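Please walk through the fold, the core and the aromatic contacts of the structure shown here.

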Amino acid sequence: MREKMNNKKIKNIQSYLLAVLGCAALILADQFTKHLAVLHLKNQEPFIIWKGVFKLKYLENRGAAFGIMQNRQVLFSLGAILIVCLIGYFYGRMPHTPRFYLLRICSVMVCAGAVGNLIDRVRQNYVVDFFYFELIDFPIFNVADCYVVVSCILFGFAILFYYKEEELSCFTHKKE
């Protein structure tokens, strides 16, 4: 019995460690791409990948998604911290089984996106954006934004088609 509990604790610790390392790797990738954008795109003409469709274009975004709510860095920073705390709480309530890998990956990606943009907001008072879909005039975005969007799509898919309602009860019922 004691050995089974120790194995469970080890698996839980491994799960958290893997999440932290995964989040750190994603944040580093985001920060590296932003660094490259500053080095190669700032004060330059956009770099055209596919004429009329997609290009790399430097932008200092002082707002939220789509540039809304400009210059509210404290609010965005507090929101990012709250999101990371909530996800950490729900991550701890998830069963540490392979069935919940998808939700764990989504959690790590959302946290990495929130922290990646939080780092920019705290360091520079703006977020570096550089991906631009010119064809549809989509707002300029970055790698951290991709993490959040992809994870939200995966999360929606998982909730609608993958998990059963009773499997998700771990988030609403007291953990025993």
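How much area does the protein expose, and what share of it do carbon and sulfur atoms supply? The exposed area is about 11600 Å², with 69% from carbon and sulfur atoms (Shrake-Rupley method, 1.4 Å probe; for residues, only the protein chains shown count as cover). This is a predicted model, in which local features need pLDDT of at least 70 and side-chain atom pairs count only at pLDDT 80 or more, while totals for chains, interfaces and linings use all residues. Residues are numbered from 1 along each chain as its sequence is written, and side-chain values use heavy atoms, without hydrogens and water.

The elements run α-β-β-α-α-β-α from the N terminus (DSSP runs: helices are H or I of at least four residues, strands E of at least two).

The largest nonpolar core (buried Ala, Val, Leu, Ile, Met, Phe, Trp, Tyr and Cys joined through side-chain atoms within 4.5 Å) has 30 residues, of which Phe100, Phe130 and Phe131 touch the most other members. Helix 3 gives the most to this core, with six residues. Buried here means under 20% relative accessible area, exposed over 50%, and partly exposed in between.

Eleven aromatic pairs are counted (Phe, Tyr and Trp rings, the six-membered one for Trp, with centres within 6.5 Å; planes under 30 degrees apart are stacked, over 60 edge-to-face, the rest tilted). The rings of Phe131 and Phe141 have centres 5.5 Å apart and planes at 50 degrees, so this pair is tilted. Phe131 is buried at 17% relative accessible area, and Phe141 is buried at 14%. Phe138 and Phe141 have ring centres 5.9 Å apart and planes at 85 degrees, so they are edge-to-face. Phe138 is partly exposed, at 34%.

Key
Buried < 20%, exposed > 50% of the residue type's maximum accessible area, 1.4 Å probe, protein only.
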